Amino acid sequence: MNFSDAELDRYARHLVLREVGGAGQAALKAARVVVIGAGGIGSPALQYLAAGGVGTLVVVDDDVVDASNLQRQTLFGDGDIGRPKVAAAMDAIARINPFVTVDPIALRIDANSAPAILRGADVVVDGCDNFATRLAVADAALKARVPLVSAAVGSFEGQLGVFRGWEPALPCYRCLVGDDPDRADVSCADQGVLGALTGVIGSMAALEAMRAIVGFGDDPAGKLLIADLLAFRFRTLTLVKDPGCRCAA
């Protein structure tokens with residue numbers, strides 16, 4: 001894949017990395033990443049995926065920008081209040097990197113729409129705020145064999161995992177959380193969330209999406225990273241495949 005002089009200048013710090021280089025940057029440019037939710041996690045994830053040169057970003061969100069979002073959703077400013085998040089995100093990404101194509105989808109993804117939205121994706125990053133949507137995305141990613149980067153935050157704690165449950169030794173998202181789509185959702189409106197925490201977890205979600213595309217470093221699939229920022233502590237848990245889960249059938 002050829003790069004213009006402007007792209008070579010833009011991605012120079014990637015190109016000199018032995019683990020990325022020209023081949024890795026070309027893989028990023030050719031990639032299609034679906035980001036579920038342009039909120040606290042999605043905002044920094046989209047910013048770094050765009051800045052890093054992912055060729056196509058599919059942004060899925062049915063919400064509009066609210067003033068209460070601005071404390072953590074760094075894609076947006078005062079002038080975006082009331083606008084659809086996908087439209088505001090598309091404008092912001094164009095300012096960050098004009099070489100990135102944005103596909104905005106202004107709907108709440110569900111089990112019916114997820115397969116079509118994930119078709120052709122190299123990675124899906126899920127930073128949505130409700131459990132039923134997470135299950136729908138996870139099921140579609142599993143069926144399509146698309147790596148799932150799942151990120152969540154609450155108050156001062158964040159979680160991040162990469163799931164490829166179609167592989168015999170690796171768990172899927174349901175192996176971690178179970179099958180109950182009716183569990184109570186606790187939103188950041190209810191419990192609060194430190195804005196900078198979403199930046200940390202969203203940026204790490206972007207890093208894991210890029211790792212899935214380029215293939216650098218150790219494989220994180222089958223592990224769960226837990227960040228406790230009140231205690232200044234990160235922990236990594238090893239997850240196991242549930243023999244009773246549908247992914248093990």
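This is a working chat about the sheet, the cores, the cysteines and two loop residues of a predicted model.

Reader: What is the strand order of the open sheet, and how is it paired?
Author: The sheet has 8 strands in the order S3-S2-S1-S4-S5-S6-S7-S8, and its pairing is mixed.

Reader: Which strands stand at the edges?
Author: Strand S3 (101-105) and S8 do. Each has a single partner strand, so one side of each is left without a neighbour in the sheet.

Reader: And by how many degrees are neighbouring strands turned against each other?
Author: By 15 degrees on average, with direction ignored.

Reader: How many bridges join S2 to S3?
Author: There are 5, and the two strands run parallel. Val58 has Asp103 of S3 as its bridge partner.

Reader: Where does H10 pack?
Author: H10 packs on the sheet, where it touches strand S1 (32-36), strand S4 (123-126), S5, strand S6 (157-163), S7 and S8. The directions of H10 and S5 make an angle of about 175 degrees.

Reader: Moving to the interior. How many residues has the largest nonpolar core?
Author: It has 43 residues, and those with the most contacts inside it are Val33, Leu46, Leu49, Leu57, Val59 and Ile93. Helix H10 (residues 195-214) gives the largest share of this core, 7 residues. Apart from it lies another core, of 26 residues, including Ile36, Ala138, Val177 and Ile226.

Reader: What does Leu57 touch?
Author: Leaving out residues up to four places away in sequence, Leu57 touches Val33, Leu46, Leu49, Ala50, Ile93, Val100, Thr101, Val102 and Asp103.

Reader: Cysteines next. How many disulfides does a search of the whole structure find?
Author: It finds 0.

Reader: Why is Cys247 not bonded to the closest cysteine sulfur?
Author: That sulfur is in Cys175, 3.6 Å from the sulfur of Cys247, which is too far for a bond. The cut-off is 2.5 Å.

Reader: Is Cys247 buried or exposed?
Author: Cys247 is buried, with a relative accessible area of 13%. Cys128 also counts as buried, at 11% relative accessibility.

Reader: Backbone now. What is the phi of Arg145?
Author: Phi of Arg145 is near 60 degrees, a positive value in a residue other than glycine. Arg145 sits in the loop between helix H7 (131-144) and strand S5 (148-154), and is exposed, with a relative accessible area of 55%.

Reader: Where does Phe232 lie?
Author: Phe232 is in the loop between strand S7 (223-228) and strand S8 (233-238). Its phi is positive, about 55 degrees, although Phe232 is not a glycine.

Reader: Why does Phe232 count as exposed?
Author: Because its relative accessibility is 77%, and exposed means over 50%.

Technical notes. Residues numbered from 1 in each chain as written. Predicted model: local features only at pLDDT ≥ 70, side-chain atom pairs only at ≥ 80, totals over all residues. Heavy atoms only, no water. Buried < 20%, exposed > 50% of the residue type's maximum accessible area, 1.4 Å probe, protein only. Core = buried A, V, L, I, M, F, W, Y, C linked by side-chain atoms within 4.5 Å. Helix = DSSP H or I, 4+ residues; strand = E, 2+ residues; numbered from the N terminus. Contact = heavy atoms within 4.5 Å. Pairing = 2+ DSSP bridges. Axes fitted to C-alpha atoms, helices over the stretch in contact; angles between N-to-C directions.
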